[in-house]
Amino acid sequence: MSKAKIGIDFGGSNLKIARFNDDQLDVIRMTPGYSLKTLPTILTDLRQFNPEAIGVSCPGDIDYQKGSITKSLRLGTDIPISEIVRQSLNKNDLPVYLLNDAQAAGLAELHLGAGNEKDDFLFIN
């Protein structure tokens, strides 16, 4: 089984998960009404994809060095999300990249969307 990269978007009302594998993007899950309690079960299901890395985007304040969400209206405060992801997948050395959702959207537009191959680009969210 080839390894995949997984993207997790913690939205205001939905959790979306996508898999990037062999230049293909597949949305593999959309979960309305998620919570911190249901998160480990949702993440454990990702073991089947044998991810080599996980990217996480979340609205709110992020502590990039700790890999945690410091403040999120949906999830609460001081959530060690990188640790939760690694523990749920039973992969302590798994790279987990965490970004604020607005920053993630801007980077996606820059590299894959409207800003791709442009000399100048401004993203306003």
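1. Start with helix 2 (residues 81-89), where Ile81, Ser82, Ile84, Val85, Ser88 and Leu89 are buried; buried here means under 20% relative accessible area, with over 50% called exposed and anything in between partly exposed (1.4 Å probe, protein chains only). These buried residues sit on the same side of helix 2 because they cover an arc of only 165° around the axis, the arc being that of the directions from the helix axis to the C-beta atoms. Helices (H or I, at least four residues) and strands (E, at least two) are DSSP runs, numbered from the N terminus.

2. A word on the source: this is a predicted model, so local features need pLDDT of at least 70 and side-chain atom pairs count only at pLDDT 80 or more, while totals for chains, interfaces and linings use all residues. Residues are numbered from 1 along each chain as its sequence is written, and side-chain values use heavy atoms, with hydrogens and water left out.

3. What do the buried residues of helix 2 pack against? Their partners are strand 1 (4-10), helix 1 (39-44), strand 4, strand 6 (68-72), strand 7 (76-79) and strand 8, where contact means heavy atoms within 4.5 Å. Just after helix 2, asparagine 90 has a positive phi of about 55°.

4. Now the sheet. It is open, with five strands in the order 3-2-1-4-8 and mixed pairing; two strands pair if DSSP finds at least two bridges between them. Strand 3 (24-32) and strand 8 (96-100) are the edges, each pairing on one side only.

5. Strand 2 (residues 14-21) and strand 3 run antiparallel, joined by eight bridges. Asparagine 21 stands opposite glutamine 24 in strand 3.

6. Strand 4 has a parallel partner in strand 1, through six bridges, and another in strand 8, through five. Isoleucine 6 has isoleucine 54 in strand 4 as its bridge partner, and serine 57 has leucine 99 in strand 8. Strand 4 is also mostly covered, with six of its eight residues buried.

7. Finally, the interior. The largest nonpolar core (a set of buried Ala, Val, Leu, Ile, Met, Phe, Trp, Tyr and Cys residues joined through side-chain atoms within 4.5 Å) has 25 residues, and Ile8, Phe10, Ile54 and Ile81 have the most contacts inside it. Helix 2 gives the most to this core, with four residues. Leaving aside neighbours within four places in sequence, isoleucine 8 has contacts that include Leu15, Ile17, Leu43, Ile54 and Val56.
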